[in-house]
Amino acid sequence: MLDDLLRGALDDAASREAQLPLSHLEALALEAPAALNALEFLAPADHMKVIAEVKRASPSRGDLAAIPEPHELAMQYEAGGASTVSVLTEGRKFKGSLDDLRSVRQNVNIPVLRKDFIGNAYQVYEARAAGADLVLLIVAALPQSTLESLYKLIIELGMTPLVEAHSDEEVERAIQLGSKLIGVNARDLSTFELDRELFGRVSDVIPKGTIKVAESAVRGVDDVEHYRRAGADVVLVGEALVIEGAPREAVRAFTQVA
């Protein structure tokens, strides 16, 4: 599944590159307003920080919510105390787009993450040109050499990489990059099975001074409390918020977990 998602994302990026060459995209990326420092917004605190996600659908759950105006949902997240907004830009399975990211970036004052299946430099430049402050890199999807080159490019463009792992070995690969923001995804992107206990088993490998993000398997405050006890500084939440009738209140409740 992960290989298929990455292949589709790269094919779609190639189609966009046929319309907008890399040289032109690079110029747009360099002209964009400077990225916000996401590490400052997500720095450990006496309460859980929240990355709240704009997410219409997923391969595991199908359609979740229509979200006709992504920026309106993002503004509710910000009002609820979210530290960052994550925007799914993958179009085939998650029904997102870079237009969603642009809309969100123009309407919130907190960092915005481009969450997609990133595999080449063109996608990184797209993220910066669209206003992203962070870019997701999935360790399992990339050879270490590609991971390193994309990580360096994200940093060079002033953005923050969120490096996502799913095992001790993948966490070690993220550490080798020097990553200051490491996510542990409870969802296996090869099988899409969930394991809420995974974060607690692998988080001790993450060195002190690195921001620890728990991803997936969050349905309510109990799950946030579970991750907090396991050492999470930040929780990334998507489905529970987009299907929640009161996303602002839900984010606020998550951020009150100490």
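**Pockets and aromatic pairs in the predicted model**

The second largest pocket has a volume of about 190 Å³, a value that, like the others reported here, was computed from a predicted model. Its lining is made up of 14 residues, of which Arg16, Leu20, Leu98, Arg102 and Glu126 are the closest to the centre of the pocket. Helix 2 (22-31), helix 5 (98-105) and helix 6 (121-129) are the elements that contribute two or more residues to this lining. When the lining residues of the second largest pocket are sorted by class, seven are nonpolar, two are polar and five are charged.

The largest pocket encloses about 510 Å³ of space. It is lined by 32 residues, and those closest to its centre are Lys55, Arg187, Ser216, Ala217 and Glu239. At least two lining residues of the largest pocket come from each of strand 6 (134-138), strand 10 (234-237), helix 11 (239-242) and helix 12 (247-255). By class, the lining of the largest pocket consists of 16 nonpolar, six polar and 10 charged residues.

Apart from the pockets, the aromatic side chains were examined, and two aromatic pairs were found in the structure. One of them joins Phe94 and Phe117, whose ring centres are 5.9 Å apart and whose planes meet at 35°, an arrangement classed as tilted. Because Phe94 is located in the loop between strand 4 (84-88) and helix 5, while Phe117 is located in the loop between strand 5 (112-115) and helix 6, the pair ties together parts that are 23 residues apart in sequence. Phe94 has a relative accessible area of 7% and is therefore buried, the cut-off for this class being under 20%. Phe117, with a relative accessibility of 6%, likewise counts as buried.

The other pair is formed by Phe199 and Tyr227, whose ring centres lie 5.8 Å apart; since the planes stand at 75°, the pair is edge-to-face, a class that requires an angle over 60 degrees. Phe199 belongs to helix 9 (residues 198-202) and Tyr227 to helix 10 (residues 221-229), so that this pair ties together parts that are 28 residues apart in sequence. Phe199 counts as buried, its relative accessibility being 2%, and Tyr227 counts as buried as well, at 1% relative accessibility.

Methods. Residues are numbered from 1 along each chain as its sequence is written. This is a predicted model: local features need pLDDT of at least 70, side-chain atom pairs count only at pLDDT 80 or more; totals for chains, interfaces and linings use all residues. Side-chain values use heavy atoms; hydrogens and water are left out. On a 1 Å grid over the protein atoms alone, a cavity is a set of points where a 1.4 Å probe fits but cannot get out, and a pocket is an open set with protein on both sides within 12 Å along at least five of seven lines; lining residues have an atom within 4 Å of a point. Grid points are joined across faces, edges and corners, and a volume is the space filled by probe spheres set on the points. Helices (H or I, at least four residues) and strands (E, at least two) are DSSP runs, numbered from the N terminus. Ala, Val, Leu, Ile, Met, Phe, Trp, Tyr, Cys and Pro count as nonpolar, Asp, Glu, Lys and Arg as charged, and the others, Gly among them, as polar. Rings of Phe, Tyr and Trp (its six-membered ring) pair if their centres lie within 6.5 Å; planes under 30 degrees apart count as stacked, over 60 as edge-to-face and the rest as tilted. Buried means under 20% relative accessible area, exposed over 50%, partly exposed in between (1.4 Å probe, protein chains only).
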